[in-house]
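Please look over the sequence and the model shown below before reading the report on its packing.

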Amino acid sequence: DNSMKIIDDIIIDYSFLKIKVINHETNLGLAGARNTGLKNASGKYIICCDSDDWVEKNYLEELYNEAEKVNADITGCDWIEEINNSSIYCNHNLSLNVEENFENFLKCQVHGYVWAKLIKHSLFTENNFEWIEGINNWEDECISLKLFSVAKKIAYVKKPLYHYICRPSSYIHSLLNEKTANEFLNAISSMENYLNCKNFE
C-alpha cells in the first residue's frame, strides 16, 4: 500500500528528529508489529497508535506530564469514537486505586485499549510481557490484564486525546467467522490461564 514510500517522504520533512523505521518483510499482524516495536524501544514509556486513527497535538505531552507527576505505571485518557459523521465521547473510567481498577477491568468496566494508555516500558521488560502473536482480536485485553495486575500506580487524564475511527469494514468489525472466533477463544483461554497461574482470588 506504499506505506514505506510515504514514510520515507515524510521523514525528509522531519530530518531534525531521530526516527527509526522498521519494516517487516511479511505481515506479522498487529501483535507481531507491536512486539517488534517493544523489542526496539529504548524510551521510558510505550504507547501504541493505530494507523487509521488520529490524536490531539497534546496527546503525548498530557499523558507524559501526568505520568511523571505521580510516577504512574499506566496513564490513561478518554477518547472520541468517530463513526461516520458522529463523534462520541468515551470515558475510560480508570480508577486510581490499582486493586479496584484491576477488578473493574475484569468486570469489563475498564477498557483494555492500549492506544489510550501510556505504559512504563519496565512493566513489559521486568515481567516478560508481550502481545500474543496470532491473536489479533482482544489482543489488547490480553496484555492489559497482565499490565493492570502488576501496576502499582495508575494515573488518568480526563480529556479526549485520542480519536478512534470506527469503520464498518474494519477487521474488528468484520462478520464473525471461524478465524476470528478462534482468536477470541484463544484470547479468553490465555487470560484464564494467566489468572489461574497467578492464583488470583
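The report below covers the nonpolar cores and then one helix.

This is a predicted model, in which local features need pLDDT of at least 70 and side-chain atom pairs count only at pLDDT 80 or more, while totals for chains, interfaces and linings use all residues. Residues are numbered from 1 along each chain as its sequence is written, and side-chain values use heavy atoms, with hydrogens and water left out.

A nonpolar core is a set of buried Ala, Val, Leu, Ile, Met, Phe, Trp, Tyr and Cys residues joined through side-chain atoms within 4.5 Å; buried means under 20% relative accessible area, exposed over 50% and partly exposed in between (1.4 Å probe, protein chains only). The largest such core has 27 residues, and I74, I119, F124, W131, I143, L147 and F148 touch the most other members. Helices (H or I, at least four residues) and strands (E, at least two) are DSSP runs numbered from the N terminus, and the elements giving two or more residues to this core are tabulated here.

| Element | Residues |
|---|---|
| helix 2 | 29-40 |
| helix 4 | 98-106 |
| helix 5 | 121-125 |
| helix 6 | 139-150 |
| strand 6 | 154-166 |
| helix 7 | 178-197 |

Helix 6 provides the largest share of the core, five residues.

The buried residues of helix 3 are Y59, L63, E66 and A67. Seen down the axis of helix 3, these buried residues fall within an arc of 100° (taken from the directions from the helix axis to the C-beta atoms), so they line one face of the helix. The face turned away from the buried side of helix 3 carries the exposed residues E61 and K69. Just after helix 3, N71 takes a positive phi of about 55°.
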